[in-house]
Amino acid sequence: MKYFSQFILLALAVAVLSGLQYQYWLGENGRFEHNKLTAQITEQQRLNDNQVSANNLLRTDVNDLKTGLEAVEEHARLDLGLIKPDETFVQVSTAPTTHSPY
């Protein structure tokens with residue numbers, strides 16, 4: 001009887017330890033879940049950093065457009081094809097040249 005109660009106590013200790021290990025590794029807030037959330041946080045931080053740099057670029061562009069005429073002229077030239085009086089417009093084609101034998 002003495003050995004049986006020790007065996008039951010040992011089995012109970014092993015069961016409790018196994019349950020705790022299961023909770024630590026595979027539980028709802030376990031180690032694997034923690035590692036997955038840490039990876040998601042790292043990825044989201046990288047995306048946020050990219051957005052911050054894009055926002056800063058837009059902020060400086062807006063500031064240039066509000067304060068200086070050079071940025072407005074640059075946008076007008078690139079986006080709208082602005083040509084000032086007494087300027088010559090030259091367009092270079094990047095299409096491949098084909099020659100017809102006829």
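In this report a helix is a DSSP run of type H or I that spans at least four residues, and helices are numbered from the N terminus. Leu-37 lies in one of them, helix H2. The structure is a predicted model, and every value below was computed from it.

## Leu-37 and the arrangement of the helices

Leu-37 has a relative accessible area of 40%, so this residue is classed as partly exposed. Trp-25 stands 12 residues from Leu-37 in sequence, and their C-alpha atoms are 14 Å apart in space.

Helix H2 covers residues 31–67 and helix H3 covers residues 69–80. Their axes come within 5 Å and cross at roughly 105°. H2 is therefore roughly perpendicular to H3, because angles of 65 to 115 degrees are placed in that class. On the H2 side, the contact is made by Asp-61, Asp-64, Leu-65 and Thr-67. On the H3 side, the residues involved are Leu-69, Ala-71, Val-72 and His-75.

## The nonpolar surface patch

Which residues make the nonpolar surface patch? The patch is formed by Tyr-22, Tyr-24, Trp-25, Leu-26 and Phe-32, and its area is about 560 Å². Helix H1, which consists of residues 2–26, gives the most to this patch, with 4 residues.

Tyr-24 belongs to helix H1. Its relative accessible area is 42%, which means that Tyr-24 is partly exposed.

Tyr-24 and Trp-25 are also touched by Arg-31, when residues up to four places away in sequence are not counted. Arg-31 itself lies in helix H2. With a relative accessibility of 33%, Arg-31 counts as partly exposed. A much longer separation involves Ala-95: Arg-31 and Ala-95 are 64 residues apart in sequence, and their C-alpha atoms are 58 Å apart in space.

## Salt bridges

Side chains of opposite charge can pair when their charged atoms come close. How many salt bridges does the structure hold? The number is 5. The following table describes three of them.

| Side chains | N to O distance | Citation |
|---|---|---|
| Glu-43 and Arg-46 | 2.5 Å | salt bridge |
| Arg-77 and Glu-73 | 3.2 Å | salt bridge |
| Glu-73 and Lys-84 | 3.2 Å | salt bridge |

The pair formed by Glu-43 and Arg-46 is placed within helix H2, where the two residues are 3 residues apart, about one turn of the helix. Glu-43 is partly exposed, with a relative accessible area of 37%. Arg-46 is likewise partly exposed, at 41% relative accessible area. The C-alpha atoms of Arg-46 and Leu-80 are separated by 35 Å, and these residues are 34 residues apart along the chain.

The pair formed by Arg-77 and Glu-73 is found in helix H3. Because Arg-77 and Glu-73 are 4 residues apart in that helix, about one helical turn separates them. Arg-77 is partly exposed, with a relative accessible area of 31%. Glu-73 counts as partly exposed at 28% relative accessibility.

Glu-73 also meets the side chain of Lys-84 in a salt bridge. This pair links distant parts of the chain: Glu-73 is in helix H3, whereas Lys-84 is in the segment after H3, 11 residues apart. Lys-84 has a relative accessible area of 36% and is partly exposed. Through salt bridges that share partners, Glu-73, Arg-77, Lys-84 and Glu-87 are joined into one network.

## The backbone at Asp-86

Asp-86 is located in the segment after H3. Is Asp-86 buried or exposed? Asp-86 has a relative accessible area of 85% and is therefore exposed, because the cut-off for that class is over 50%.

What is notable about phi of Asp-86? The angle is near 70°, a positive value in a residue other than glycine. Most residues other than glycine have a negative phi.

Methods. Residues numbered from 1 in each chain as written. Predicted model: local features only at pLDDT ≥ 70, side-chain atom pairs only at ≥ 80, totals over all residues. Heavy atoms only, no water. Patch = residues over 30% accessible without salt bridge, like charges linked within 9 Å, V, L, I, M, F, W, Y side chains within 5 Å. Areas by Shrake-Rupley, 256 points an atom, 1.4 Å probe, with all protein chains shown as cover. Salt bridge = Lys/Arg side-chain N within 4 Å of Asp/Glu carboxyl O. Buried < 20%, exposed > 50% of the residue type's maximum accessible area, 1.4 Å probe, protein only. Axes fitted to C-alpha atoms, helices over the stretch in contact; angles between N-to-C directions. Parallel < 35°, antiparallel > 145°, perpendicular 65-115°, else oblique. Contact = heavy atoms within 4.5 Å.
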